[in-house]
Amino acid sequence: MSRAAARWAAAALCLLPLSACEEGEGGPTSPEPDGPASAQIDRVEIVSGPAANGTYLGDEELVFSVLVTSGEEVETTGEVFLIFDLGLASQPAVLAASEAGRLEFRYRIRRGDYDGDGISVPEGELMFSPGATLRIGGADLDASIRELPANGDHRVFARYSPGESLVFDTTLDRFPLDSLGLSGAIGCAAIEDFAGIVEALLEGNAAGAAALFQVAWQTGRCATLNAGAPAIFLSAAIAEHRNEIYDLVLAYGPGANPGSQEITTNWWTLGDFLAEPP
């Protein structure tokens, strides 16, 4: 009998309701059962939010939620980190809590952190300290994660700390103040007024920016802020106009309105207009 005929005959036996297909030496074998499948990470989400103005300040906390496909409890051992991009640097968020189908990672914003277009998570894997593990039902969790693109609702400005003493500055390259007929920094009580002026300048419309400022200045909504005058940093809001990112800051300090009357209050101005005291 040929080998092909022998294989056909063996296969035909398996159609009989007998014990001819039982496993044994030289007989057909059943596939080995697969081991426990590794649970996988479904996605990463940012579940925190800035306290104000859509921008995190120093000492605020970022919270990431890593969701697992199985929805089961994850057994954790040791330190585990989620690496995310904050501006030009990569930072580790630390595993802080675990519940059914979810891991929570946290990172506290530090002085100097900055991200103009929003934090993101690159494609890669969770990082483990020596001896650390993540397991579900006795099997290791697949630590691979997909990319989380930059999100403009999670921008970061921690160049200064709230309450820090600064001074108004006028060393600007992107925003030529001489086009407004001014020699000092400018600020407005409402963020909308100031943003309109800045965006007109970004569009190259100096005349339009000057007109907006003059109207707001005459009605007391905007003011000139003298270089070197003291200021206190309060908050920030990073904005974007036609792919150009600019930093708005809220600072308490003196400003002059028509008639050179000085008014000390909160002014929205450019981040470029603030500096540490000499």
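Hi everyone. When I say two residues pack or touch, I mean contact: heavy atoms within 4.5 Å. With that in hand, here is our structure, which is a predicted model.

A word on confidence to begin with. The chain has an average pLDDT of 84, and 82% of the residues score at least 70. The weak stretch is residues 1-36, where pLDDT stays under 50. For those residues the model has 9 contacts beyond four places in sequence.

Let's go to helix H2, residues 191-202. Its buried residues are Phe-194, Ala-195, Ile-197, Val-198, Ala-200 and Leu-201. What do they pack against? The partners are E16, H3, E17, E19 and E20. The helix geometry also checks out: 12 residues at 1.5 Å a residue should span 16 Å, and the end C-alpha atoms are indeed 16 Å apart. After H2 comes Gly-204, with a positive phi near 80°.

Two of those buried helix residues turn up again in the core. The largest nonpolar core has 39 residues, and Phe-194, Ile-197, Phe-233 and Leu-274 have the most contacts inside it. Several elements each supply at least two residues of this core, among them H2, helix H3 (206-218), strand E18 (230-241) and strand E19 (244-257). There is also a second, separate core of 32 residues, which includes Phe-105, Ile-109, Val-121 and Leu-134.

Let me stay with Leu-274 for a moment. Leaving aside neighbours within four places in sequence, Leu-274 is in contact with Tyr-160, Leu-166, Val-167, Phe-168, Asp-169, Ala-231, Phe-233, Val-249 and Ala-251. Phe-233 in that list is also one of the core residues with the most contacts.

Now over to strand E11, residues 133-136, home of Leu-134 from the second core. Which face of E11 is covered, and which is uncovered? Leu-134 and Ile-136 make up the covered face, while Thr-133 and Arg-135 make up the uncovered one. E11 runs antiparallel to strand E4 (residues 75-77), joined by 3 bridges, and Leu-134 is the bridge partner of Thr-76. E11 is also joined to strand E12 (residues 139-140) by 2 bridges, again antiparallel, with Arg-135 opposite Asp-140. E11 and E12 make a hairpin with 2 residues between them, and Gly-137 in the turn has a positive phi of about 60°.

Just before E11, in the loop that follows strand E10 (127-128), sits Pro-130. Is Pro-130 buried or exposed? Exposure means over 50% relative accessible area, and Pro-130 is at 85%, so it counts as exposed. Its C-alpha atom is 9.6 Å from that of Val-80, although the two are 50 residues apart along the chain.

For contrast, take Glu-104, in strand E7 (residues 102-108). The cut-off for buried is under 20%, and Glu-104 has a relative accessible area of 12%, so this residue is buried. The side chains of Glu-104 and Arg-102 share a polar contact of 2.9 Å. Not counting residues up to four places away in sequence, Glu-104 touches Val-63, Phe-64, Val-94, Leu-95, Ala-96 and Ala-97.

One last stop: a small sheet. Its 3 strands form an open sheet with mixed pairing, in the order E2-E14-E8. The edges are E2 (55-56) and E8 (114-115), each pairing on one side only. E8 pairs with strand E14 (residues 155-157) in the antiparallel sense over 2 bridges, and there Asp-115 has Val-156 as its bridge partner.

Thanks, and over to you for questions!

Terms used. Residues numbered from 1 in each chain as written. Heavy atoms only, no water. Pairing = 2+ DSSP bridges. Helix = DSSP H or I, 4+ residues; strand = E, 2+ residues; numbered from the N terminus. Core = buried A, V, L, I, M, F, W, Y, C linked by side-chain atoms within 4.5 Å. Buried < 20%, exposed > 50% of the residue type's maximum accessible area, 1.4 Å probe, protein only. pLDDT = per-residue confidence, 0-100. Expected span 1.5 Å × (residues − 1). Polar contact = N/O pair within 3.5 Å; in protein donor to acceptor, adjacent residues only side chain to side chain.
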